[in-house]
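Me: Could you take a close look at the ligand site for me? I'd like the surroundings, the polar contacts and how much of the ligand gets covered.

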Amino acid sequence: MTTPTTQAQRMLDAHKHMPQGVAENYRYWGEEDTVWVDKVEGCRITDCDGREFVDFRLGYGPIILGYQDRRVDSAVIETIRTKGTISGFSTLLDTAVVKAVKAMCPNIEKVRFANSGTEAVMGALRTARGFTNRKRVVIVEGGFHGLTDEMMWKSDVEGWDPSAQSAPDIIPFGAGIPSQTQHLVDFIPLNDHAALASLFAAKGDDIAAVLLEPIMGNCGSISATPEWLSALRDTTSRHGTMLIIDEVKTGFRVAKGGAQEHYGIHADLTTYAKAMGNGYPVACFGGRADVMDVIGADGGVVHGGTYTANLVALSAAKATLDVLNETDALATVDRVGAEIRDLLGRVFTAADIAHQFAGPPSMFGIHFGDVVPSNYRDWRVTDAALYNAFAWRLIHHGVMLEPDSREPWFICEAHQSVDLGWLEDVATTAMKEAKNAV
Ligand SMILES: Cc1ncc(COP(=O)(O)O)c(C=O)c1O
């Protein structure tokens, strides 16, 4: 076949070469709706049929400045041109990037690098287990922590009856996950003081770590209350358990110092990825020096990998972090995000739709219902079908987002160029159409 030019041809061709016809599962939106991107720039993406979208999905959140940001791209290109990409040895950029992270996240004392959020979580968990010499790990229902077997278990809130007294079942994300990998993982609902207390009463001294996103970037930005997060911090400290805050989505986005600055609560270990490199594949984990120093030779925790701290990743991270630290980019993101949230609120009110926003302006969730969900189980009683219908209509009118209310709206600095009047008109039309459809 020559270069495929229609959606049907693209899918037909791709199916011959990739499972589902896509490069990773989450990109498959069906035969007709799978998006094929030709180019990205600023806050806009253009698909292979030449249609332009204002993008609030931003590749699942890494874009914090904008696509093709010159400040970042030129630093990367210059590094490749003058120094190369990879040597498998230390470079001066290693320490320079760690210093840039520490300048924004004062509780981070030592850091190691990774290539993805999945890998950063893996490193943090192993470090926590190495330090505590314990095995169990607690995660919060509705959180997402990457694609390792152990993290590929979830609370089946979608298949759960909210009127039932029992907790949702724990199920694997899909096939190929050995059941043994679930045996060391416990789940608790966010903001549930009783569940936290009883779990620690039963198993506290075996728990190596509690791993959570306090602002759940994979559950509509449903957020921990300051009281619950503080109780979690106290409980983990009392039991010698590591508190790992997964800032893969929130880091360098919700504040310079991420969710931890937002709450004023510090983890023992933290994971970062996404916004750290404005779309380049870079990640890291770090935290208390005494904990991180369990990494090392002769019986210490092993961490490494061929592509770790490669120069493409680190030059992108250095340039991105410098922009975020030295300019008012994040203030712009917050301002624009608040304006967009306000205009959407006006649209929902005019359409007589009960609605709630969760999370900060830089990554807010929208929930159709009467109360802000306080955990994943509460999300189950929101009108996710209406959100889904609304999101698809937005997409058809040129606004790209994930058609699932568990994925927040991501804002980047380049969204300041969006015509908010246009967006309000489009959202009004999309909501009218969605109400008629459901
Ligand atoms: C909170 C969180 N942790 C970990 C991951 C895994 O990151 P990656 O997709 O870079 O492996 C994600 C991905 O969305 C995430 O949102």
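Reply: Here is a walk around the ligand, with a short stop at some strands afterwards. Bear in mind that this is a predicted model, where local features need pLDDT of at least 70, side-chain atom pairs count only at pLDDT 80 or more, and totals for chains, interfaces and linings use all residues. Numbering runs from 1 along each chain as its sequence is written, and side-chain values use heavy atoms, with hydrogens and water left out.

Around the ligand sit S116, G117, T118, F144, H145, G146, E213, N218, D246, V248, K249 and K274, where being near takes a heavy atom within 4 Å. That shell splits into two nonpolar, six polar and four charged residues, with Gly counted as polar.

Now the polar contacts, meaning pairs of N or O atoms within 3.5 Å. D246 puts a side-chain N or O atom 2.7 Å from a ligand nitrogen. N218 uses a polar side-chain atom too, 2.9 Å from a ligand oxygen. With F144 it's a backbone N or O atom, 3.3 Å from a nitrogen of the ligand. As for cover, the ligand on its own has 390 Å² of accessible area, and the protein covers 84% of that (Shrake-Rupley method, 1.4 Å probe).

And the strands? β1 (residues 37-41) and β2 (residues 44-47) run antiparallel, joined by four bridges; strands here are DSSP E runs of at least two residues, and a pair needs at least two bridges. V37 has D47 in β2 as its bridge partner. β2 also pairs antiparallel with β3 (residues 52-55), over three bridges, and R44 faces V54 there.

Notes. Polar contact = N/O pair within 3.5 Å; in protein donor to acceptor, adjacent residues only side chain to side chain.
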